Structures are given as C-alpha cells and as structure tokens.
Amino acid sequence: MTLLQLKYIVKIVECGSMNEASHELYVSQPALSSAVRELENELGIEIFTRSSQGIALTVDGVEFLTYARQVLDQASLLEERYKNAKPRKQLCSVSTQHYMFAVEAFVDMINANRSDEFEFTIRETRTRDIINQVANMLSEIGIIYYSDFNKNVLGKLLREKHLDFHPLFRAPLHVFIAKTNPLAMKKKVTMKDLEPFPFLQYEQGNEGSFFFAEEAIMPEFSPKQINVTDRATMLNFIIGLNGYTVCSGIDNGDLNNEKICTVPLDTDESMLVGWISNERAKLSVSAQTYIEKLKDVIQRNGYNLI
C-alpha cells in the first residue's frame, strides 16, 4: 500500500467516477483501475462496487476512506514540517435540501476558514441523493428533516446505509409567499386559504415519493401545482406567479429576495431538522466548523437547539 494509492482512492470519491478522476490525476483509466484492484487484493477487501451506473463505496470502502484521509493528512503535516511544503488543501462537501440557513452557515464557515487553499462544495439536491451522497462519502454532511409522516421510512433507509441523524431544531411550519400576496398580512394561514394559489414543490425525480418530499405537508386538493428543481426558480415563481411553498420559516433577508415573506401555517405539524453523517467516518475540521455555524445561524433566528 502506498500514499499514491491512497490519493487515488480519495480522488475517485471526490470526483464520483473513475473516468473523471483519471483526467484530474493525469493517469490512464486502466492504470487507475489496476492500482485500485491491486490495493483491494492486498487488503482483501472490496473498496468500490462497479455497475453500469458507475462506482460506489462499499461498507468496507467507507471505513477505509476515513483512514486513508487521516493518513494523507498526517503525511501532509510531515511534508509541511520538513519540506516547507504547502498545507494540504482544505476540503468539505455538504448536501442539503433547499434551506437558506444551510447556505448562510456555509458562507460563515468559509469566512471563518484560515487556510490559503480550500475546495468546498455545497449541493442543494433531492432528498434521496443527499442520503446516497453521504452514504458514498461524496458529502460529509447532509441536511434533511423528519416529520411524523416520513420519519419511519427515512429512519429505516438511514439505518440501512449506516447513517446517523443528529437533530438540530424543531420548526413549526410556515409558508413562503410574496409580500404582495393578499395573505401576507395574516397572522396565520390555512391550507384552505392557500387553495387558490399555485402550490410549488421541489421535484424528487422518478424515484421520488411523498416520503422524500421537502414539503412537510401537502394540500389535499391543489388545482395548480408546479414542480421545480432549484431555489432561485422557486423564489421567482413565488413572486411572479403568486405561488407558495411550505417551509421551516427561517428566512435570511440577505440571501432571500426582499419581496418574499414567511407566514405561520395553521397546523399542528412540525419539522425536525437535522444533519446526517456516515457512522464510519470522522468529520473533517471544516465539517465540524460548518456544524457549529449551522447552530449559530439557527439560534440567531430565534430557534432553540435540541
């Protein structure tokens, strides 16, 4: 086993594919595949599963990746001490549902970083993708929510993929609507009040189901419904089409459009928002900083941490 082989494994995980990793490493794909297989044979484990859909880390592979990163970090420290080498570039990847507070905390984490070089990634994506990305170590942290409706299904899936859910806060449900919406002045709105307006929700793909929806409550009857994939489109539709979506209620004025407001939803339902991690992985320093910044943002918005 060599440091070069460890670097190969880490790069493949970061890229998500053998082909892309070979380009970034300036190594042919057959040579890269051969190096990985030699390491697997030497250790007697399978690090990656290979299929027509690509590669993914095995359970052994996730554990091996944690140790590989630790070894590379230690090797980097040695080089810095004795070779005057530059510190190893700081890395951190987060996958999240479409939450403004998650982006705000990511900004705070980057501003707190003192490294001369870093490569940070935040992915606002589908619920199932968040779970898969953390399971395969493409992201260290995922941000999702539990509700009475989805907690059994999501909890079972997390256990199967060896992921831990860490609760952050419980939020009463709100809706995002335009400030020009006639409901914007109400202290609370009901789903019946919202019925004339287009319901906006984040699309969850072909494998999506109500259990993976980002909206903790759905209208029983919605004659106008629009599915979107990104937050910018969602905000534009709230303004341009007078639509609405269900949310946690945390609204960052610096990151959100000033033409949008949140109004409490008249319901007993709530969202338990938290972060997920791979139980076999140790969080990087940057990932730990991100969690602390998440907690700071949540408290600044008036919510109590769990």
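**Exercise 1. Find the salt bridge partner of Arg300 and say which elements the pair ties together.**

Solution. Start at Arg300, which forms a salt bridge with Glu104, the closest N and O atoms being 2.9 Å apart. A salt bridge here is a side-chain nitrogen of Lys or Arg within 4 Å of a carboxyl oxygen of Asp or Glu. Next, place the two residues: Arg300 lies in helix 10 and Glu104 in helix 5, so the pair ties together parts that are 196 residues apart in sequence. Helices (H or I, at least four residues) and strands (E, at least two) are DSSP runs, numbered from the N terminus. Finally, look at the cover: Arg300 is exposed, with a relative accessible area of 52%, while Glu104 is buried at 13%. Buried means under 20% relative accessible area, exposed over 50%, and partly exposed in between (1.4 Å probe, protein chains only).

A word on the ground rules: this is a predicted model, in which local features need pLDDT of at least 70 and side-chain atom pairs count only at pLDDT 80 or more, while totals for chains, interfaces and linings use all residues. Residues are numbered from 1 along each chain as its sequence is written, and side-chain values use heavy atoms, with hydrogens and water left out.

**Exercise 2. Work through the salt bridges of Glu124 and Glu14.**

Solution. Take Glu124 first: its salt bridge is with Arg231, and the closest N and O atoms are 2.9 Å apart. Glu124 lies in strand 4 (residues 118-124) and Arg231 in helix 9 (residues 231-240), so this pair ties together parts that are 107 residues apart in sequence. Glu124 is partly exposed at 28%, and Arg231 counts as buried at 13%.

Now turn to Glu14, which forms a salt bridge with Lys11, the closest N and O atoms being 3.5 Å apart. Both lie in helix 1 (residues 3-15), three residues apart, about one turn of the helix. At 29% relative accessibility, Glu14 counts as partly exposed. To finish, the whole structure holds ten salt bridges.

**Exercise 3. Describe how strand 7 is covered and which strands pair with it.**

Solution. Strand 7 (residues 174-178) is mostly covered, with five of its five residues buried. His174, Phe176 and Ala178 point one way, and Val175 and Ile177 the other way. Then follow the pairing, which requires that DSSP finds at least two bridges between two strands. Strand 10 (residues 245-247) pairs with strand 7 in the antiparallel sense over three bridges, and Thr245 is the bridge partner of Phe176. Strand 11 (residues 260-264) is also antiparallel to strand 7, over five bridges, with Pro264 as the bridge partner of His174.

**Exercise 4. Which residues have the most contacts inside the largest nonpolar core?**

Solution. A nonpolar core is a set of buried Ala, Val, Leu, Ile, Met, Phe, Trp, Tyr and Cys residues joined through side-chain atoms within 4.5 Å. The largest has 43 residues, and those with the most contacts inside it are Phe101, Ile141, Ile143, Phe169, Val175, Ile177 and Tyr290. Helix 10 gives the most to this core, with six residues. Val175 deserves a closer look: leaving aside its neighbours within four places in sequence, its contacts (heavy atoms within 4.5 Å) include Val189, Leu194, Tyr244 and Val263.
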